[in-house]
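Please examine the structure shown below before reading on. The paragraphs that follow lead from the ligand to the domains of the chain.

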Amino acid sequence: MRAEPQDFSRVLSSMCTEPHPAAREAAETFLATNPGDPGTYQTVAELEGDAVDALGEIAGLDEPHGYIASGGTEANIQAVRAARDLAATDAPNVVAPESAHFSFRKAAGILGVELRTAPVDSDYRARVDAMTELADEDTALVVGVAGSTEYGRVDPLAALSDVADDAGALFHVDAAWGGFVLPFTDEEWHFDHVGVDTLTIDPHKMGRAAIPAGGLLARSPDVLDALAVDTPYLESTEQATLTGTRSGAGVASTVAALEALWPAGYREQYVRAQNNAEWLADALDERGYDVVEPTLPLVAADVPRSLFARLREEGWRISRTGAGELRVVCMPHVTREMLESFVADIDALARTPSTVE
Ligand SMILES: *Cc1c(COP(=O)(O)O)cnc(C)c1O
């Protein structure tokens with residue numbers, strides 16, 4: 001095979017990044033292992049326990065229950081599945097803000113659960129009143145987002161946990177992308193802060209592990225019991241996962257990345273990313289574009305469609321929000337030099353007339 005993967009020098013759109021060198025090495029070493037078969041692949045099964053413990057430490061949970069999933073999508077699907085099966089209703093629904101990741105739409109479709117989405121406020125955060133209105137006795141799960149995919153916003157999680165309590169529902173926090181930056185902010189987002197029942201946190205995003213590595217954490221073993229089909233929950237039982245065979249690469253690289261980076265390395269990485277996001281937001285603002293303040297290292301700005309298209313032609317990997325804004329995720333591979341070169345291209349393109357408008 002001759003193909004080479006893209007390099008990261010113009011990638012501004014991705015929530016994934018270059019794995020830490022130790023994580024890359026661990027992924028290769030454990031590529032041919034299957035933590036779904038712990039009786040055969042004992043070492044990687046034990047590593048998975050270490051990974052879950054370490055994720056629990058980040059997420060403020062002393063005795064975490066959970067596993068390394070294929071990503072945030074699987075973790076969210078499984079959180080919905082467990083909540084559905086634990087709820088005492090024939091017509092379960094999930095209440096989430098409209099900013100929730102599209103994986104909840106997949107979950108609802110697969111699981112036959114009604115997804116009710118509530119509008120967000122002017123700062124793109126879940127509106128507690130709207131969430132309250134949608135929740136009822138058939139609500140199995142209330143979802144809050146800690147680091148939203150489009151704007152990097154953190155919902156009012158304490159209030160949403162009360163909404164879940166009042167409805168007799170479980171409360172799930174989706175920190176798939178935010179989980180490795182939020183520990184270094186003032187946000188109240190995890191098990192130790194608010195009444196979280198389940199949480200998604202992806203090592204293969206800000207955690208610098210190799211893809212595929214997602215994380216599902218639960219406060220109670222009942223959640224894993226609900227997922228373990230026909231068997232009571234046992235440590236590292238394979239029945240709790242959605243996938244059967246799965247690569248040990250994600251598990252091993254998660255442990256390697258955490259050993260290398262938690263907490264000082266992740267703190268440094270967050271500070272650099274956040275400074276870069278603020279620098280880019282200022283640069284775009286100075287050029288007259290409307291910018292959504294980056295509360296986490298993610299910048300959205302209203303730039304003309306033609307400019308967006310021409311930046312793509314220049315090879316910049318950029319994406320758009322649902323509302324059409326330019327969206328730049330300041331992942332660890334995104335350096336200040338990259339952003340300077342990006343802004344220089346914006347200036348150059350803004351000076352030359354466009355053929356499309
Ligand atoms: C990326 C993301 C997901 C989905 O995770 P995958 O690893 O792509 O499956 C879910 N929720 C949020 C908030 C995300 O940013």
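In this predicted model, an oxygen atom of the ligand lies 2.6 Å from a polar side-chain atom of T73. A second oxygen-based approach involves H204, whose side chain places a polar atom 2.8 Å from an oxygen atom of the ligand. The ligand also offers nitrogen: one of its nitrogen atoms is 2.6 Å from an N or O atom in the side chain of D174. How much of the ligand does the protein bury? Taken alone, the ligand exposes 380 Å², and the protein buries 86% of that area.

These residues belong to a wider set. Around the ligand there are 15 residues, of which T73, D174, D202, H204 and K205 come nearest.

The view may now be widened to the whole chain. The domain assignment divides the chain into domain 1, covering residues 21-261, and domain 2, covering residues 264-350. The centres of domain 1 and domain 2, taken over C-alpha atoms, are separated by 28 Å.

Where the domains meet, 22 residues of domain 1 are in contact with 23 residues of domain 2. The size of an interface is often given as the accessible area lost when the parts come together. For domain 1 and domain 2, the buried area is about 1,900 Å², and carbon and sulfur atoms give 63% of it. Which three residues of domain 1 supply more of the area that it buries against domain 2 than any other three? They are Y151, F184 and L261, which supply 32% of that area.

The kinds of residue and contact complete the picture of this interface. On the side of domain 1 that touches domain 2, there are 12 nonpolar residues, 6 polar residues and 4 charged residues. Between domain 1 and domain 2, the count of salt bridges is 0. Polar contacts, by comparison, are present between the two domains: 12 residue pairs are in polar contact, with both residues of each pair at pLDDT 80 or more.

How values were computed:
Residues numbered from 1 in each chain as written. Predicted model: local features only at pLDDT ≥ 70, side-chain atom pairs only at ≥ 80, totals over all residues. Heavy atoms only, no water. Domains from an automatic or database assignment. Contact = heavy atoms within 4.5 Å. Buried area = accessible area lost by both parts, 1.4 Å probe. Salt bridge = Lys/Arg side-chain N within 4 Å of Asp/Glu carboxyl O. Polar contact = N/O pair within 3.5 Å; in protein donor to acceptor, adjacent residues only side chain to side chain. Nonpolar A, V, L, I, M, F, W, Y, C, P; charged D, E, K, R; others polar. Near = heavy atom within 4 Å. Areas by Shrake-Rupley, 256 points an atom, 1.4 Å probe, with all protein chains shown as cover.
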